[in-house]
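Colleague: I have a model open on my screen and would like to learn how to read it. Could we go through it together?

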Amino acid sequence: MADPVSKRVVIETKLYYNENVTNYVAFHPEDDILLDTNRVEILNKYVATEFEIISHPTVTKGAMALNRYQRKKYHLKKYHTYSVRFCSAKQPSRTLFDIINERFALKNKVGGMERVFEEIFGDVLLPRLYPQSFVSKADISKTRGILLYGPPGVGKTLIARTTCDILNVKPKIIRGPEIFTCMLGESEQNIRNLFEDAHNDQQTFGSNSKLHMIIFDEIDAVGKNRTQNCSVRDTVHDSVTTQLLAEIDGMLCLDNILIIGTTNLIEAIDPALLRPGRIEKVIKIELPNKTARSAIFNIYTESLIRNGALNGDVDINNIISRTEGMTGAHIEQIVRLAVHAAMRRDILERDKFDISEEEGELLEICNRDFVEALSKVSYN
Ligand SMILES: Nc1ncnc2c1ncn2[C@@H]1O[C@H](COP(=O)(O)OP(=O)(O)OP(=O)(O)O)[C@@H](O)[C@H]1O
Ligand SMILES: [Mg+2]
């Protein structure tokens, strides 16, 4: 009897007594069931008692052996048949990200964002992508906003765009500061215009309205923490923030909008914007660690490798370890600069500018091109 969630198997087996076995439950080493078992419980009449497990060649196949002390302590009787539960601590073989990635090929576009996409899917996208036959039963409203915050160049806008691709929606993309114009009241009107299509669709098509997405880059500019100051500039900023809140709240019964904001300055954002029901899903995007940098490097060298233009002397591990503290944008830049370095090197080596297509075809990016590229990248 297999339980796929807990990965447990229950069998019935005879208790087998063996003086040589101490402190353990023992099973015959050829029992397949032991392969990924790391804990075994005997389901006694009263309790499930847990034992450590060993394989023991003197034990009859399929039986188990306990020492005398254990038998006494747990009131287990020799030669009785007991139910035994085998528990495996093995993780489910695939993570949510693995399954998402198989469907949406995320790893080809965004490197090292397993946790981020699991969060975006788990908390925002699933109610839109899971069968509505279930979702409608729960009658929950759908999350209307995601905020991605973190240092420049870590892939926030890329994640936002990729999320739109997943949902197959062409987003309106707006940089926060673009909302502001000199004319009085026009900035607020610009905010209203952004939401207008979603409002109209909702009125015309109701729950059948298609999804509208808005990517707000630098959302801190339009969702600025409202101040007590009274300068004209502050007043405009405050009323733009208020307008944005009003638009999102106006959507309260609307499920046809998803806003993705990105910012470097989360502390500058009005907390009211981030409360549940508004842009409630807040995700920090960190600098990539070594594994993530390696994944990003793979994305940007994929074409070079596929086309046989990466020389075998390239020491990828060494390059990655020298990118500590860099962002995805830096890694993309390094690959680009290495390609430039290779072309420059080829011209110098051939000592001529006019290189034929056939000659160019032979050029490969070498380790020293990457070393040169690394020396040119500046970061904090
Ligand atoms: N994890 C990543 N995987 C693949 N490419 C990445 C990754 N992170 C950054 N990049 C690349 O770096 C560049 C900058 O990324 P992006 O514009 O998404 O950064 P950002 O976090 O929005 O920065 P900013 O805060 O300055 O707007 C893009 O060209 C993107 O392709
Ligand atoms: Mg950005």
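**Reading a helix pair, a sheet and a core**

Modeller: Gladly. Let's start with a helix pair: Val 116, Ile 120, Leu 125 and Arg 128 of α3 touch Ile 159, Thr 163, Ile 166 and Leu 167 of α5. By type, the residues of this contact are six nonpolar, one polar and one charged. Do keep in mind that this is a predicted model.

Colleague: At what angle do α3 and α5 pack?

Modeller: Helix α3 (residues 114-129) and helix α5 (residues 156-167) make an angle of about 35°, and their axes are 12 Å apart. The crossing of α3 over α5 is right-handed.

Colleague: Now the sheet. What is the order of its strands?

Modeller: The sheet is open and has five strands, in the order β10-β11-β12-β9-β13, with parallel pairing. Look at its edges next: β10 (172-175) and β13 (281-284) each have a single partner strand, so one side of each has no neighbour in the sheet. On average, neighbouring strands are turned by 15° against each other, direction ignored.

Colleague: How many bridges join β9 to β13?

Modeller: Four bridges link these parallel strands. You can also find Tyr 149 opposite Lys 284 of β13.

Colleague: Which helices lie on these strands?

Modeller: Helix α3 lies across β9 and β13, and runs at about 175° to β13. Helix α6 packs on the sheet too, where it touches β10, β11 and β12, and its direction makes about 165° with that of β11.

Colleague: And how should I think about a core?

Modeller: The general idea is that nonpolar side chains tend to be buried together in soluble globular proteins. Here, the largest nonpolar core has 42 residues, and Leu 148, Val 222 and Ile 260 have the most contacts inside it. Helix α3 gives the largest share, six residues. For one of those well-connected residues, Val 222, the contacts beyond four places in sequence include Ile 191, Phe 216 and Leu 244. A second, separate core has 18 residues, among them Ile 319 and Met 326.

Colleague: Why is Leu 374 classed as partly exposed?

Modeller: Count the C-beta atoms around it: Leu 374 has 17 others within 10 Å, whereas 20 or more would make a residue buried and 12 or fewer would make it exposed. Leu 374 sits in helix α12 (residues 367-376). Leaving aside neighbours within four places in sequence, Leu 374 contacts Ile 319, Arg 322 and Ile 334. Leu 374 and Ile 319 are 55 residues apart in sequence, yet their C-alpha atoms are 8.0 Å apart.

Note on methods: Residues are numbered from 1 along each chain as its sequence is written. Chains are lettered from A and ligands numbered from 1 in the order in which they are written. This is a predicted model: local features need pLDDT of at least 70, side-chain atom pairs count only at pLDDT 80 or more; totals for chains, interfaces and linings use all residues. Axes are lines fitted to C-alpha atoms, for helices over the stretch in contact, and angles run from 0 to 180 degrees between N-to-C directions. Helices (H or I, at least four residues) and strands (E, at least two) are DSSP runs, numbered from the N terminus. A crossing is left-handed if the near helix is turned anticlockwise from the far one by less than a right angle, and right-handed if clockwise. Two residues are in contact if their C-beta atoms, placed from the backbone, lie within 7 Å. Ala, Val, Leu, Ile, Met, Phe, Trp, Tyr, Cys and Pro count as nonpolar, Asp, Glu, Lys and Arg as charged, and the others, Gly among them, as polar. A nonpolar core is a set of buried Ala, Val, Leu, Ile, Met, Phe, Trp, Tyr and Cys residues joined through C-beta atoms within 7 Å. Two strands pair if DSSP finds at least two bridges between them.
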